[in-house]
Amino acid sequence: MQRVGVFVCWCGSNIAATVDVEKVAEVLGQEPGVVFSTHYQYMCSQSGQELIQNAIREHSLTGVVVCSCSPRMHENTFRKTCEKAGLNPYMVEIANIREQCSWIHKNKEEATQKAVILGRAAIAKVHLNAPLTAGTSPVKKRALVIGGGIAGIQTALDIADAGFEVDIVEKEPTIGGKMTQIDKTFPTLDCAACILTPKMVDAAQNEKIKIYSYSEVQSVKGFVGNFRVTIKKKARYVDETKCTGCGLCTEKCPQKKVPNAFNLGLDQRRAIYIPFAQAVPKIATIDADYCTMLKTGKCGVCSKVCTAGAIDYKQTDRFIEEEYGAIVVATGFNPIKLDQYDEFAYSQSPDVVTSLEFERLMNAAGPTGGTLLRPSDGTHPKTIVFVQCVGSRCDDSKGKSYCSKICCMYTAKHAMLCREKYPDTDVYVFYIDVRTPGKNFDEFYRRAVEEYGVHYVKGMVGKVVPENGKLKVQASDLLGNRQLHIDADMVVLAAAIEPDKSARPLATMLTASMDTNDFFTEAHPKLRPVESPTAGIFLSGACQGPKDIPETVAQASAAAAKVIGLLAKDSLICNPCTAAPDELMCNGCSSCEKVCPYGAITYIDKEFRGPNRTTLVRRVAQVNPAVCQGCGACTVACPSGAMDLKGFSNKQIMAEVDAICR
Amino acid sequence: MTYSYFPGCTLKTKGKDLDIWGRASAEALGFHLQELDQWQCCGAVYPMAKDEIATRLSSVRALMAAGEAGQELVTLCSACHHVIKRVNRDMQTDETIRDRVSRYLGLQTPYAGETTVLHYLEVLRDRIGFDNLKQKVVNPLTGRKIGAYYGCMLLRPASEMGFDNPENPTILEDFIRAIGAEPVVYARRNECCGGYCTIKSKDYARKQVDAIMENARACGAQELITACPLCLYNLTENATDGLPVAYFTQLLAEALGVKEEQK
């Protein structure tokens, strides 16, 4: 029989207002085996913990039950408390009388009764607890960053700075992400390329950083400290070790009619291409969808002009296996497709563009060389209408319910730049609200209105009608309480942003949770914003929620700090609550092996003593405790009841159920 | 399949083509529209006043008649559909209106909007299926460039009418595709035609119609189709130089070959 101590916490008024803590302590004190029972205002505080430690020593407790908040909150705290007083930490049980009791009940009598029952269950379990010792598992001192945009680059640079190896996997032929397409950055208006490309070069030149461009993560196995990742290097039909990036092939390729994805289809490129002049790595890639040679076997111009002999039409996808201690997700965002918003005539007129397209039209390296020209006829637009919240803050199923956060600022930037470069333009911005919190952000927006004379109109555009080369904009001016009809030359739509499509399958591979919008969920929205609830998975940038560049970089560095903290450890303490088979009961059916998501179970042939001094060889399950995560799937799958989970054995669970039903 | 059918006044007078060809096509497609006995005018305009009961009564009677027959209620006219569907929703959601209507009509059990109201286009899309319709077409209208004209009432308010996106509708375009023609998407297809102002200000109505016609023509439309008798009247009578306008049921009948049979 254990000598159990019961400690009932008030949690200030969180528990005590709804549960009669004094009574709970008194009733539980009568339970068999309980030699000490008390209550205290804040059990997790220093004095509360001392109270527990003193009781362990004075009453020679062998088991402790704390009736308090969820074990997710303070189980670790109380385990450490007891360990310091000489008790095995796994002899502590938590009865959750806050989240599962006081917070959800109103009637004090009922809540008190429930708290008692929950306490009884914990006492029944602790009687069957056995001391457990945690093992350790080594940490592979290498990190993987998935996504090579500004978020991924910053995270990789910071991890490398701390002296750890880090690999970047980028699905595009170059790193740099969305920021490479942006012209200027708010609120300082410095050019995006000038601040980004040095970082791209830094990443490429850093000895600790390895860049897998034009690559994707194929599969992820293992767990924190020991991830095994397969990376697919997609065939680019160019030998990376030979290509010098001279670009001759991209000038000679006869296939000229390929929509240029880097310029969002506003102009055309060749079938073999380098996305832009500052690409990293600066290596040509053949677009297999358009290459005549790959499609028909007739052409080979690029191969003929390539002096380095780098073209390889027979190249195939390659798969690389690597081990990592930590994985950072930095998969970023994309603007939404505008099919559902054709009232703005996006599909009807080339002069209706998205903000990202507008960014390319303003960019010196863009299709118009930085001169703002209408895509339809190449004339200079005189009246430009910006429409905000296209697909953001929608209350129907067409768009996103959330605010995309970055649009107010980039629209102010666009409007301001238009007026500065072309003072003869009339610029309108239609908005629901202008949201510009952030350092120097509101000042920036006010400058657009006050100094640059941008017409900000509160209200939405209802319809855009392309007619006689003009875009007839119908809109409401809510403050003026009137309808507006504007003959515009261009309309720019601030499309909502959404997580990249690659995020969802990746989350499945990583068993990392996502919200309904496919943004990765953080372990705690306030206190652990850069970690996924899945151990060893970290979040960087817009994959976690809409973010501008300053915020993305801040989060990227924060994620790096967390990764460095993990990689700095030589080993991690394992969870000792792992599965263990009873070999005598195991019938060798392999059911457990099949359900184990971590590959922790193997089978061996083992000798057993049979009757009359005979030996039997039987096939039995073995669990690798360093790999087992204690999920319990095998214990349920085992048809003969041979598999059990330490710390959560069938007997312990049944004892809890019995105590509740008593 | 048999549906209860509420034609509405206009479909018996000026808008006969909408009615006749709708019914004939239904037979060809294998469903029957059973006209409600002794139906009354829908009220023509949905009453905005919350305490207005009398103008809701005829809609409720039609809805209840369909309910008693155990059938869904189909309409063809945009305006009738608009009024009946919204009144039905009032009966579902507004306790005061439900209570007052029930007492006025002396109902034993109050009517709470149990009847399903369908527009003929919904029957085509959701019950028959545009793919199946396509297979029944004997005279595909190949090569004809047709603009859909939705008007204001067929789809709005979206939260109540709830069968297509009023800003970017597709149901008529899909219909046009199903009968073998080419739909022309133009921006003003869901703008108000000005029909309601035609008595007060013919000039304004004309301005609206001309804008719609000009836009449709610029986008390549050769003809327009609609489901609304008032729109059709206005688009034909008040256009300076308009495209031909027909009811969608006329083209449906043409495509299904029922027009020739009846000639």
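Trainee: In chain B, what share of the contacts with a separation of 6 or more comes from residues 24 or more positions apart?

Mentor: Good place to start! This is a predicted model, where local features need pLDDT of at least 70, side-chain atom pairs count only at pLDDT 80 or more, and totals for chains, interfaces and linings use all residues. Residues are numbered from 1 along each chain as its sequence is written, while chains are lettered from A and ligands numbered from 1 in the order in which they are written. Two residues are in contact if their C-beta atoms, placed from the backbone, lie within 7 Å. Among contacts in chain B with a separation of 6 or more, the share from residues 24 or more positions apart is 74%.

Trainee: Which residues of H7(A) are buried?

Mentor: Helices are DSSP runs of H or I with at least four residues, strands are runs of E with at least two, and both are numbered from the N terminus. A residue is buried if 20 or more other C-beta atoms lie within 10 Å of its own, exposed if 12 or fewer, and partly exposed in between, with C-beta atoms placed from the backbone. In H7(A), the buried ones are A:Ala192, A:Ala193, A:Leu196, A:Met200 and A:Ala203.

Trainee: Why are they on the same side of H7(A)?

Mentor: Picture the directions from the helix axis to the C-beta atoms, which define the arc. The face turned away from the buried side carries the exposed A:Cys194, A:Pro198, A:Val201 and A:Gln205. The buried residues share a side of H7(A) because they cover an arc of only 100 degrees around the axis.

Trainee: How many residues does each chain bring to the contact?

Mentor: Take the two chains in turn. Chain B gives seven residues, and chain A gives 11 residues.
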